[in-house]
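Open the model in your viewer and show the side chains. This tour goes from one aromatic ring to the next and says what to select at each stop.

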Amino acid sequence: MNIELRYFDSVRESLGRASESVALPEHVQTVGELRAYLRERGSPWKETLAEGRALRMAFNQEMTDATQCITEGSEIAFFPPVTGG
């Protein structure tokens with residue numbers, strides 16, 4: 001499954017990129033599983049997307065939680081709880 005990822009504010013700064021396209025393995029079906037999968041990349045992913053770290057997530061530009069199912073062509077965004085202009 002192919003998806004688009006977007007990173008904002010401190011997440012973007014930590015990861016050194018604003019976006020990327022990713023082909024997910026079959027076992028990644030939810031936003032929470034995606035977050036765990038990305039952490040497997042190692043540093044800085046592991047720290048930036050750490051379990052328990054306060055992050056907001058959006059699915060196709062709507063706020064969501066870790067249980068949201070991902071579909072082909074989805075856009076998932078990660079950003080800190082408070083963002084500025």
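**A tour of the aromatic rings**

Start by selecting Phe 8, which has a relative accessible area of 38% and is therefore partly exposed. Keep in mind that this is a predicted model.

Now add Phe 79 to the selection. The two rings, Phe 8 and Phe 79, make an edge-to-face aromatic pair, with 6.3 Å from centre to centre and 80 degrees between the planes. Phe 8 sits in the loop between S1 and helix H1 (9–15), while Phe 79 belongs to strand S5 (residues 75–79), so this pair ties together parts that are 71 residues apart in sequence. Is Phe 79 buried or exposed? Its relative accessibility is 15%, and because buried means under 20%, Phe 79 counts as buried.

How many aromatic pairs does a search of the whole structure find? The search finds three.

For another of them, select Tyr 7 and Trp 45. Their rings are also arranged edge-to-face, at 5.7 Å centre to centre and with 65 degrees between the planes. Tyr 7 is in strand S1 (residues 2–7) and Trp 45 in helix H3 (residues 45–48), and the pair links distant parts of the chain, 38 residues apart. Both Tyr 7 and Trp 45 are buried.

Keep these two selected and add Phe 78. Together, Tyr 7, Trp 45 and Phe 78 form one aromatic cluster.

For the last stop, centre the view on Trp 45 and select Arg 41. Arg 41 lies over the face of Trp 45, 4.3 Å from the ring centre.

Key:
Residues are numbered from 1 along each chain as its sequence is written. This is a predicted model: local features need pLDDT of at least 70, side-chain atom pairs count only at pLDDT 80 or more; totals for chains, interfaces and linings use all residues. Side-chain values use heavy atoms; hydrogens and water are left out. Rings of Phe, Tyr and Trp (its six-membered ring) pair if their centres lie within 6.5 Å; planes under 30 degrees apart count as stacked, over 60 as edge-to-face and the rest as tilted. Helices (H or I, at least four residues) and strands (E, at least two) are DSSP runs, numbered from the N terminus. Buried means under 20% relative accessible area, exposed over 50%, partly exposed in between (1.4 Å probe, protein chains only). A charge sits over a ring if NZ of Lys or CZ of Arg is within 6 Å of the ring centre and within 35 degrees of the ring normal.
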